[in-house]
Each structure stands twice: as structure tokens, then as C-alpha cells.
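Please open the structure in a viewer and keep the selection tool at hand. The tour below proceeds by selections, with a short account of what is found at each stop.

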Amino acid sequence: MNIDKFKHQHVDILGSISTLRNLAHAGAAQHATEIARLIVAMSSTIKLHLAVEDRALYPALQRGTDVELARMGQRYQQEMGSIARAYDAFSRRWNRPESVRRDEGGFRDDANRVLRMVHERMQRENREFYPRIEAL
């Protein structure tokens, strides 16, 4: 299975997280418009990424002959549910500049918690899951 498009989406999402971190450090209130715009863009990428995983990657693993990899895929898919819900709440809360300006500290706290979860999950996929799939 070719997972290059998944890896490319990870690069895009991780780049957006890095940019958000830099904007927040430079002053979330001052960069609220850029932050909100980036959250909206990143949300589209994340939703597309998750949809393709759910509709193509995980079902392909379930149909495959590697039982251990199928179980791993099922575990990854189940774990992603809570992370996706946390990100969805984050993106709905902070997708408008006024929200970021009104509660800069809340934005930073939420971003640190939620974006760290997304970042760590993607890094784990890059280290453990995708190489295993590519080895097939």
C-alpha cells in the first residue's frame, strides 16, 4: 500500500502546528486573524486525512492478510476518535479571530493540550505505523 499521500498530509499538518506555535509565541492576540485562518485551513486538511484513513487505509488493512497489522490499524482508528473530537472542539472554539483576541491565555492552553495530542499521534504513526504498512 502506498501511503505517501498520508505522509504528505502529516507534513502539512505538522507544519501548520509549528506555524501556530510560532504565531502564539509572537502574540496570539496580534496574530489572531492569521491563527484563525490557519486553524480553518488545517481543519480541512485534518478532516480529509481522517476521512481517507477511515474509508481507505483502515478497511484495506482489515481486508489484508497481516492480522497483527489489522489489529494495529483498528487500535489506531479507535484511539483517534478522542483526539479527533478534541481537535474538532478546539477548531470550533478558535476559528474566529475575536475568540483568540478575547481569550489569548485560553487559546494558548487549549492549543498546547490539543495540538500536542495531534502532534504526538502523528509522530507515533510516522515512527511505528506507517513503516509497518510500507514493509508489506
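A residue is called buried when its relative accessible area is under 20%, exposed when that area is over 50%, and partly exposed in between. These terms will be applied at several stops of the tour. Please keep in mind that the model is a predicted one.

**The whole chain**

Begin by displaying the protein chain as a cartoon. Its secondary structure consists of five helices and zero strands, and the order of elements from the N terminus is α-α-α-α-α. The C-alpha trace spans about 50 × 20 × 20 Å along its principal axes. Of the 136 residues in the chain, 41% are buried. Consider next the contacts of the chain with a separation of 6 or more: residues 24 or more positions apart account for 78% of them.

**Helices α1 and α2**

Two packed helices are described by the angle between their axes and the distance between the axes. Select residues 4-27, which form helix α1, and residues 32-63, which form helix α2. How are these two helices arranged? They pack at an angle of about 155°, with their axes 10 Å apart. Angles over 145 degrees count as roughly antiparallel, and α1 and α2 are therefore roughly antiparallel to each other. Their crossing is left-handed.

Now show the side chains where the two helices meet. On the α1 side, the residues include Phe6, Gln9, His10, Ile13 and Ile17; on the α2 side, they include Leu38, Met42, Ile46, His49 and Val52. The residues of this contact divide into 14 nonpolar, six polar and three charged.

**His49**

Remain in helix α2 and select His49. Is this residue buried or exposed? His49 has a relative accessible area of 4%, and because the limit for buried is under 20%, His49 counts as buried. Its side chain is joined to that of Gln9 by a polar contact of 2.6 Å. Apart from residues up to four places away in sequence, His49 touches Phe6, Gln9, His10, Ile13, Glu125 and Tyr130.

**His10**

Move from His49 to His10, which is found in helix α1. His10 is also a buried residue, at 1% relative accessibility. Which side chains does the side chain of His10 reach through polar contacts? One is the side chain of His49, at 3.2 Å; another is the side chain of Tyr130, at 3.4 Å. When residues up to four places away in sequence are not counted, His10 touches His49, Met122, Glu125, Asn126 and Tyr130.

**Helices α1 and α5**

Keep α1 in view and add helix α5, residues 104-134. The axes of α1 and α5 come within 10 Å and cross at roughly 155°. That angle makes α1 roughly antiparallel to α5. The crossing of this pair is left-handed.

Display the side chains of this contact as well. Among the α1 residues are Asp4, Lys7, His10, Leu14 and Gly27; among those of α5 are Phe107, Arg108, Val118, Met122, Asn126 and Tyr130. By class, the contact of α1 with α5 has eleven nonpolar, five polar and six charged residues.

**Arg132**

Follow helix α5 to Arg132. How accessible is Arg132? Its relative accessible area is 24%. Since partly exposed residues lie between the limits of 20% and 50%, Arg132 is partly exposed. The side chain of Arg132 makes a polar contact of 2.8 Å with the side chain of Asp66. With neighbours within four places in sequence left aside, Arg132 is in contact with Asp66, Glu68, Leu69 and Met72.

For a sense of distance, draw a line between the C-alpha atoms of Arg132 and Leu38. These residues are 94 residues apart in sequence and 31 Å apart in space.

**Gly73**

Finally, select Gly73 in helix α3, residues 67-94. From C-alpha to C-alpha, Gly73 and Arg132 are 10 Å apart in space, and they are 59 residues apart in sequence. Gly73 is buried, with a relative accessible area of 1%. Which residues surround Gly73 by contact, leaving aside its neighbours within four places in sequence? Gly73 is in contact with Tyr58, Leu61 and Phe129.

Note on methods
Residues are numbered from 1 along each chain as its sequence is written. This is a predicted model: local features need pLDDT of at least 70, side-chain atom pairs count only at pLDDT 80 or more; totals for chains, interfaces and linings use all residues. Side-chain values use heavy atoms; hydrogens and water are left out. Axes are lines fitted to C-alpha atoms, for helices over the stretch in contact, and angles run from 0 to 180 degrees between N-to-C directions. Helices (H or I, at least four residues) and strands (E, at least two) are DSSP runs, numbered from the N terminus. Angles under 35 degrees count as roughly parallel, over 145 as roughly antiparallel, 65 to 115 as roughly perpendicular and the rest as oblique. A crossing is left-handed if the near helix is turned anticlockwise from the far one by less than a right angle, and right-handed if clockwise. Contact means heavy atoms within 4.5 Å. Ala, Val, Leu, Ile, Met, Phe, Trp, Tyr, Cys and Pro count as nonpolar, Asp, Glu, Lys and Arg as charged, and the others, Gly among them, as polar. Buried means under 20% relative accessible area, exposed over 50%, partly exposed in between (1.4 Å probe, protein chains only). A polar contact is a pair of N or O atoms within 3.5 Å; within protein, one must be able to donate a hydrogen and the other to accept it, and residues adjacent in sequence count only if both atoms are side-chain atoms.
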